[in-house]
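User: I am new to this structure and would like to learn how to read it. Please take me through it one feature at a time.

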Amino acid sequence: MGSDVYLGELEQMVLWAILRFDGEAYGTPVLEALEERADRTVTPGALYATIDRLEEKGVIESRLADPEPGRGGRRKRYLSVTPLGQEALRSARATWMRLWEGLEEAVEG
Amino acid sequence: MRERRPPRVAEAILAACLPGGGYRESVLGDLEEGYRRRAAEAGGGRWRAAAWYWTNALRIGAGYAVRRLLRRRYRPLERAPRPGATTRRIGLGQTRADVRFALRSYRRSPGFLTVALVTLALGIGANTTIFSVVRTVYFEPLPFHEPGRLVRIGLRGLDRPGTMSVHTAGDFREWRERTSSFEAMAAWGYRTVTVERGDAAERVTAVLSVGSLFDVLGRPATTGRAFSGAEEGPGGENLAVLSHAYWRRAFGSEDAVGSILRIDGTPHRVIGVMPAEFAYPRAADLWMTAPFDAETLSARNDYFLRTVARLGEGVSVERAREEMGGIAASTRERFPETYAGIGIAVEPMGEWLRAGTGSLWWILMAGVVLVLLIGCVNLANLLLSRGTNRRSEYAVRRALGAGEGRLVRQALTESLVLALGGGALGVLVGWLLLEALLRWMPGGVPRAASVGIDPGILAFTLGMSLLAGLLFGALPALKARRDAIGSRLRRRGGSERASPALIAAEIAMAVILLSAAGLTVRSFTALSSREPGIETRHLAAARISIPNDRPSGERHAFYRRLEGRLARLPGVRSVGLVSSLPVVDFTPGAWVNEPGVTHEGGDRPSAKYQVVSPGYFETAGVELLRGRLLTRDDGVEGSPSVLVSRAAARELFPGEDPVGKRFDLGLDANVAPLSTVVGVVDDVKLDGLDEMAPAAVYAVQELIPWWEGFQVMLRLEPGAPVPRGIREAIRGLDPSVPFLGVRRMDDLLAGSLSGRRNTMFLFGLLGLVALVLSAVGVFGVLAYLVGRRTREIGIRMAIGADPVSVRARVLRQGMIPVAIGLGTGLAATAALGRFLESLIFGVRPLDAPTLLGVTALLLAVAAVAIYLPARRASRVDPVRVLAAE
């Protein structure tokens, strides 16, 4: 395995959403993307807890943007996935694919 | 704009919980974005958005607060006391440990935690809501410049202190010219006017201003400006200033300043909009310059003005009263006929604005405090029984060296942590309740625009929470101390004595609250079932308004033709015209002058008068008791005749036959000329269902030709809908006459009771909460007490006691504190009853059915609460109980 970082299901989804927005990801769009595409209701509270955990693990990093109207003149915290995070996601996917090998038929049949 | 901002309180709570810096900012920003998106959605978006914001703010906030607490726990080294740290720091450290301990112990009993938090959140929330209203209504200064110097001035009977009634323009002019106590003085009068703007027409409450009402009150407009005294009076331009509420209703967010409104057919230029909290007088939709000529302004026969004045610098109300007393004496001398027994009243303005709501909100405040107290009693009981179960824990800690004080402190900390948690939820509940109150009872909350939850209210909530925590924590803390002292008192501990006392207190408070609820419900039903004196079923009222620039002959012809047309509409049985709708509208009054009869002192007879068409009586269902009804020939040009009501007959001509009596109406016969009474009709409660039917005089339009506007009453076929063709009928006669809509009389009457309904609803709700809380409390405590006696009961049964007699014994013992509580509660209700008098109608504060009902209800609840655990206890298997020893 390429990485020592273990990622939970929600954590993987959050990473996926962050990657999708390519450097423009922050709380609100990530939340919406999870709701639309992953068909899963995530509360903002759970999302922030996950983001904090991911940052502690070193798989994402954040930077503050300029203040903006439309959100009370407050700055956005843009999120991006670190190389370590990309590595972790890849290895998570590889693990899953290995586990699934030969099982598709059993499940779908 | 206010709509677009997330709830301030929730935002503040969240901000306080989040770690600082960019982190806090980004989360708050995200949530605000989410809030705005949801608020912009159609259909209650704002309401749902606020709920969404609150939920998530509390969730995120709680998450971070807990994580911070735990993090501290895991990093003890960071927090090690520095060298030279004081004992106080150690004390704080101990508190933190106590708090953590309390949190852990509550996490282990989620059921208890839920019950406790729900009880506290409801109790504290209700207190927060009502207090935020109470503070505004009774404590916040009026929204005017130096409100302490404002007074109201009016006429009053010399033998009736504390009253104040309207006065004439002549009075006002004399006061203004001859007094020196006041810096400024203005008079105003209500007038219901028709406002046309484009195609829409609306009836609104206008205030006619004579002499600088805005100058006296000293409050600038929000947009535009208010008019000054110099702009009023004849010859000037017609100007109007809108109230905030009316502006929003009529214009939305559109700019109103500069637009032209046709008010009763005359164009008025809107020059300003007043702030939302400026509501003087309360019902004002707009203020307009009065179109009075010099003659009107010195007349002494038209009673419709009220005066407001600003006391001069350093002038006391007493001095102003003295000066006005002198003026009143001289007026009495000059006009003995009119002013006999009449004086002048001067009252501070603040008292009057509050008097409108009386003590309702104070009583509600007392009610919610009682609810919270009942909740505290429940919690004290719950904690006491928890404490009993934790007796061994205390013993161990004591053995390990914990001091008495330490254990008491621990117990108190646990209560306070609980109370603060309940208080935090209480803020949310209070905010929701307040929004609900303002939304569903528009007009029910005085000065609503100034009511809200702000730091002051939050401080109150915090104080309430701490107080509640101390209250319900005191007994358990004392018990912890006793348990810590040792085992000698253990066998006959105090909790068994304390709990019955708590039950008694709880029942007593429930009696008070339920009685208040019962009384308001009974007075509402008494009012609703009161006969207004007209037959309101299948009766509808249409409001129209003829511009008053029409000559009187033209107006009368219009009304007569309209009556005929409407009578031919399908589903309409008959049609009648009336100058003011009974019960709903204000009905004017006048002096009743019998030729050759003079009255000494202030008891000059007066009566309300209604101008009607002959068809009115049949249409409205007013019954003829004697004589005959009116015809169009009873006017000035025929033989002037009037009808009197039963009350008028009794008051004006006691013991005599009223038919054939003659009198004129008003001063110097300016309302109606000398007329003959030709009949007596039944009483109608013209002034509202909660008032006595006043003495009333009825005259046809032809007798009082100067009366301008009429309401149309339609008697419908039973089951017929309100007819559709009214608007077309009016258009067909004169397209320029605005039609203001038609309503069923039943609905209008129900609307006139909405204030009473609100009061009943609020008290009913409080009573219900009190009932549920006290039932739960009594049940919990008794179940616990009986449960503790299971062993004793087991022994009794083992040596041959009969289960029925065991149950009876338990029931009897349990009922003692309930009976004491009932007795105390009834006595307290009797003592407090007079405070309720202003809120109830048709029942006395000591209403036997209410008190009996409350007593029976609580007895039944308590009996069930005792019987169930008693039955369970009497069914225990003696062997098993004894074996468990």
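Analyst: What follows goes through a helix, the salt bridges, chain B as a whole and the nonpolar cores.
This is a predicted model, in which local features need pLDDT of at least 70 and side-chain atom pairs count only at pLDDT 80 or more, while totals for chains, interfaces and linings use all residues. Residues are numbered from 1 along each chain as its sequence is written, chains are lettered from A and ligands numbered from 1 in the order in which they are written, and side-chain values use heavy atoms, with hydrogens and water left out.

User: How does the length of helix H1 of chain A compare with what it should span?

Analyst: Helices (H or I, at least four residues) and strands (E, at least two) are DSSP runs, numbered from the N terminus. The expected span of a helix is 1.5 Å times one less than its number of residues. Helix H1 of chain A has 13 residues, 9-21, and should therefore span 18 Å; its end C-alpha atoms are 19 Å apart, which agrees. Just after H1(A), A:Asp22 has a positive phi of about 50 degrees.

User: Which residues of H1(A) are buried, and what do they pack against?

Analyst: An α-helix has 3.6 residues a turn, so residues three or four places apart point the same way. Buried means under 20% relative accessible area, exposed over 50%, and partly exposed in between (1.4 Å probe, protein chains only). The buried residues of H1(A) include A:Leu10, A:Val14 and A:Ile18. Taking contact as heavy atoms within 4.5 Å, the buried residues of H1(A) pack against helices H2, H3 and H4 and strands S1 and S2 of chain A.

User: How many salt bridges are there over all chains?

Analyst: Side chains of opposite charge can pair when their charged atoms come close. A salt bridge is a side-chain nitrogen of Lys or Arg within 4 Å of a carboxyl oxygen of Asp or Glu. The search of the whole structure finds 34 over all chains.
In one of them, B:Glu32 pairs with B:Arg36, with the closest N and O atoms 2.7 Å apart. Both residues lie in helix H2 of chain B, four residues apart, about one turn of the helix. B:Glu32 is buried, at 0% relative accessible area, whereas B:Arg36 is partly exposed at 22%.

User: Which parts of chain B does the salt bridge between B:Arg573 and B:Glu717 tie together?

Analyst: In this pair the closest N and O atoms are 3.3 Å apart. B:Arg573 lies in strand S12 and B:Glu717 in the loop between strand S20 and helix H21, so the pair ties together parts that are 144 residues apart in sequence. B:Arg573 is exposed at 51%, and B:Glu717 is partly exposed at 32%. Salt bridges that share partners also join A:Arg74, B:Arg5, B:Glu11, B:Glu32 and B:Arg36 into one network.

User: What does the secondary structure of chain B come to?

Analyst: Chain B has 27 helices and 21 strands. Of its 885 residues, 49% count as buried.

User: Which residues touch the most other members of the largest nonpolar core?

Analyst: In soluble globular proteins, nonpolar side chains tend to be buried together. A nonpolar core is a set of buried Ala, Val, Leu, Ile, Met, Phe, Trp, Tyr and Cys residues joined through side-chain atoms within 4.5 Å. The largest core has 127 residues, and A:Ile60, B:Trp361 and B:Phe472 touch the most other members. Helix H13 of chain B gives the most to this core, with 16 residues. Leaving aside neighbours within four places in sequence, A:Ile60 has contacts that include A:Leu15, A:Ile18 and A:Leu79. A second, separate core of 75 residues includes B:Val592 and B:Phe663.
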